Amino acid sequence: MITKIENLNKKFYNKQVLSNINLEIEKGKIYGLLGPNGSGKTTMMRIVANLIKNTTGNVEVNELKLGKQTKNIVAFMPTSNFFPKWMKVKNAVDYYNDFYDDFDREKCIEILEKVDIEMGLKIKSLSTGMTEKFKIALTMSRNAQLILLDEPFNGIDIIAKEDIKKIIVENATEENATIISSHLIDDIEPILDEVIMIKKGEIVLNDNVEKLREEKEMSIIDIYKEVFLNV
Amino acid sequence: MFNLIKYDWIRKWIYALSGLVVIIFINIGIYFKGYSPSEQIGSLVGLNMLLFFISSVVLFVLHVRKMNKLLFSEEGQFTFLTPLNGYEILGANLIGALLDIIMLLVMFLTIFFVNTFFNDMNIVNEAVSYIHVTGVDVYELIMTILVMVFSGYSMLLVTIFLSMILVKTLFYNIKAKKILSFVVFIFVSKFNSMIAGMLNNTNIRPESIGNEVLIMSMIKVFMLLLFWYGISGYLLEKKVSA
């Protein structure tokens, strides 16, 4: 097990965003964190990435409390374009190389070549799809034990989606766990091992994808509709 | 920590170099204006003092803006995701700012000495002789001024950083962050003055420069600086959500 979340709660003022989350994440699997907008997916990921602080509860990554050490083993890709505007692709690659011990520069350059992103380009000149691919390339080039991808398919075309899925699958190993948050179920269903559905800050379903399909004789998108739309 | 300073310099070296080139050209321009020797010296001294003042203000604005971006823009996540703690991130900003000031001082002192060389201004020797007459040790005076400049600027920046961090910690998702930071800054500054008044019963006067009173005052400033740095670093590490 790489991550253990116990009784996690998050409040923003009086608004309860996450309620009593309990979760165990195992290595060698790709998890889908599914739920509609505002369900708490991003908040949960940002807590595990140590970007925001939980109100109560306990989160451990590789038996370590969240902090400087866990940032070394958790790779998080936020949904926003978080790169400083002055940076070129090369600068960001060098930055990751300088800061993260687990960053594989050669692997990153290889991925960037595959998706046609040149090192000399200014990041702010990249299209939405290119930026997503670049963020994925940087994140997946870290040999991190826990990889968190927040809405990696937002606003991108079908070709870019296929490229991104390919990168995710190729870099998911027995030594790491990947969590992908999305409300675009069709896009990620084929690559998931486990699924976690979150509704209004509470986990409503957490199970193995194959097992769910066999037991319910439904696709994940239909199970999702059943959970969230009561269809 | 030093990697943050390194990337800050990768970002701005071209602007720093451009600024230096412009300042050098302005200085060279004065030599070709056809001024009389006394007019030339006056123009060089006046203009470089003005340029130094403008550069200092620009640097100060950039230092505050950098912290503002770190805390209140999405770019901040790029830094907060790195395996650095709050103290290191704050330290990098502070050390980076002080290094900028050192570079600025070195740049203008070099220009000053080059100008004295070409103009036979003899101003340095005259100043040293004057200071000797007053009985003050020149090196001690220079060290005192430098320590006062750096500790004063550090104190100002830490107070501003703390104000921003407090706003970020206490008010999530509020729009008037800059105004609120300024209000908090006023309160923290008042508090600083109050604490300094309680700790320090003596004002820094010219005749006290270099003596024990000044050293004690500086120690008190450093203690206050460390106190606010500790609180700011703690909040950044434990309470601030990026």
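Chain B meets chain A through 18 of its own residues, which touch 19 residues of chain A. Keep in mind that this is a predicted model. Beyond the interface, the notes below look at helix α9 of chain A, one of its residues, A:Val227, and the packing of α4(A) on α5(A).

**The A–B interface**
- On the chain B side, the elements giving two or more residues to the contact with chain A are α1 (2–31) and α3 (76–80).
- α1(B) supplies the largest share of that side, with four residues.
- Sorted by class, the chain B side comes out as nine nonpolar, five polar and four charged residues.

**Helix α9 of chain A**
- This helix covers residues 220–229, and A:Ile220, A:Ile223 and A:Tyr224 are buried in it.
- Look down the axis of α9(A) and its buried residues sit within an arc of 105 degrees, so they line one face of the helix.
- That fits a general rule: an α-helix has 3.6 residues a turn, so residues three or four places apart point the same way.
- What do the buried residues of α9(A) pack against? Their partners are β3 (30–34), α7 (185–188), β9 (194–199) and α8 (209–216), which belong to chain A as well.
- Just after α9(A) comes A:Asn230, and its phi is positive, near 55 degrees.

**A:Val227, a residue of α9(A)**
- A:Val227 is part of helix α9 of chain A. Is A:Val227 buried or partly exposed? It counts as partly exposed, because it has 16 C-beta neighbours inside 10 Å, and being buried would take 20 or more.
- Setting aside neighbours within four places in sequence, A:Val227 still has contacts with A:Met197, A:Lys199, A:Val204 and A:Leu205.
- Take A:Lys199 from that list: A:Lys199 and A:Val227 are 28 residues apart along the chain, with 8.8 Å between their C-alpha atoms.

**α4 against α5 in chain A**
- Helix α4 (residues 105–114) packs on helix α5 (residues 128–140) at an angle of about 155 degrees, and their axes are 9 Å apart.
- An angle over 145 degrees counts as roughly antiparallel, and α4(A) and α5(A) are therefore roughly antiparallel to each other.
- As for handedness, α4(A) and α5(A) make a right-handed crossing.
- From α4(A), the residues in the contact are A:Cys108, A:Ile111 and A:Leu112, and they meet A:Ala137, A:Leu138 and A:Met140 from α5(A).
- By class, the contact of α4(A) with α5(A) has six nonpolar residues, no polar and no charged.

Note on methods:
Residues numbered from 1 in each chain as written. Chains lettered and ligands numbered in written order. Predicted model: local features only at pLDDT ≥ 70, side-chain atom pairs only at ≥ 80, totals over all residues. Contact = placed C-beta atoms within 7 Å. Nonpolar A, V, L, I, M, F, W, Y, C, P; charged D, E, K, R; others polar. Buried ≥ 20, exposed ≤ 12 C-beta atoms within 10 Å, placed from the backbone. Arc of directions from axis to C-beta. Axes fitted to C-alpha atoms, helices over the stretch in contact; angles between N-to-C directions. Parallel < 35°, antiparallel > 145°, perpendicular 65-115°, else oblique. Left-handed = near helix turned anticlockwise from the far one by under 90°.
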